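Okay, thanks for coming, everyone. I'll put the structure up and then talk through one sheet and the rings around it.

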Amino acid sequence: IFSCIFVFVRFSPALPHPPTFPSSGKGWRMTHLPGVPEGKARAQEPFFQCPEWAVPPSLPACLRVLKGNSVVDSLELFPYPYYLFGRMETVVDYVLDHTTISRVHFAVVHHRSGSLYVIDLNSANGTFLNSARLPPNAPTK
């Protein structure tokens with residue numbers, strides 16, 4: 001069984017460059033997603049509809065990946081309103097390479113209140129938060 005612990009952390013130092021996505025062809029524009037590059041929005045739209053309450057974060061945040069008590073990775077959650085996680089390299093922001101992970105497994109979304117929400121994207125093996133399985137497609141704080 002694949003087990004990975006993510007810890008949400010907000011912090012303020014400068015961050016490295018965020019993930020980039022190729023620009024789409026001309027004539028396509030997703031204007032309802034402020035702060036989301038066109039290529040990212042277009043690649044992810046078939047798998048995820050960004051909630052209206054999502055906004056770009058006012059402060060940097062990251063997910064720290066723990067193995068035991070050690071931090072093994074830190075995944076930046078800034079500057080976009082949302083980030084997708086899964087195995088599909090051409091779609092997700094962060095690849096989680098394990099057979100129990102779905103192609104597009106879950107999203108982390110910044111709420112206008114400053115809170116972070118996790119949304120299971122109808123993954124085959126589920127997304128768990130504090131040992132509780134999240135209902136599919138339901139934002140969980």
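So, terms up front: helices (H or I, at least four residues) and strands (E, at least two) are DSSP runs, numbered from the N terminus. With that, Val92 can be placed in the loop between β4 and β5. Before I go on, the housekeeping: this is a predicted model, where local features need pLDDT of at least 70 and side-chain atom pairs count only at pLDDT 80 or more, while totals for chains, interfaces and linings use all residues. Residues are numbered from 1 along each chain as its sequence is written, and side-chain values use heavy atoms, with hydrogens and water left out.

Back to Val92: is that residue buried or exposed? Buried, with a relative accessible area of 4%; the cut-offs are under 20% for buried, over 50% for exposed and partly exposed in between, using a 1.4 Å probe and protein chains only. The C-alpha atoms of Val92 and His105 are 8.9 Å apart, with their positions 13 residues apart along the chain.

Now the sheet. Four strands make an open, mixed sheet, ordered β5-β4-β6-β7, and two strands pair if DSSP finds at least two bridges between them. β5 (94-95) and β7 (116-120) are at the edges with a single partner strand each, so one side of each has no neighbour in the sheet. β4, residues 82-86, runs parallel to β5 with two bridges, while β6, residues 106-110, goes antiparallel to β7 with five bridges. In that second pairing, Val108 is opposite Val118. The hairpin of β6 and β7 has five residues between the strands, and Gly114 there has a positive phi near 100°.

What about the faces of β7? Both are covered: Leu116, Val118 and Asp120 are buried on one side, Tyr117 and Ile119 on the other.

On to the rings. Phe85 is opposite Tyr94 in β5. There are six aromatic pairs in the structure; Phe, Tyr and Trp rings (six-membered ring for Trp) pair with centres within 6.5 Å, and planes under 30 degrees apart are stacked, over 60 edge-to-face, the rest tilted. Phe85 and Tyr94 are a stacked pair, 5.5 Å centre to centre with 25° between the planes. Phe85 also stacks with Phe106, at 4.6 Å and 5°. That second pair links distant parts of the chain, from β4 to β6, 21 residues apart. As for burial, Phe85 has 0% relative accessibility, Phe106 has 8% and Tyr94 has 14%. Together with Tyr80 and Tyr83, those three residues form one aromatic cluster.
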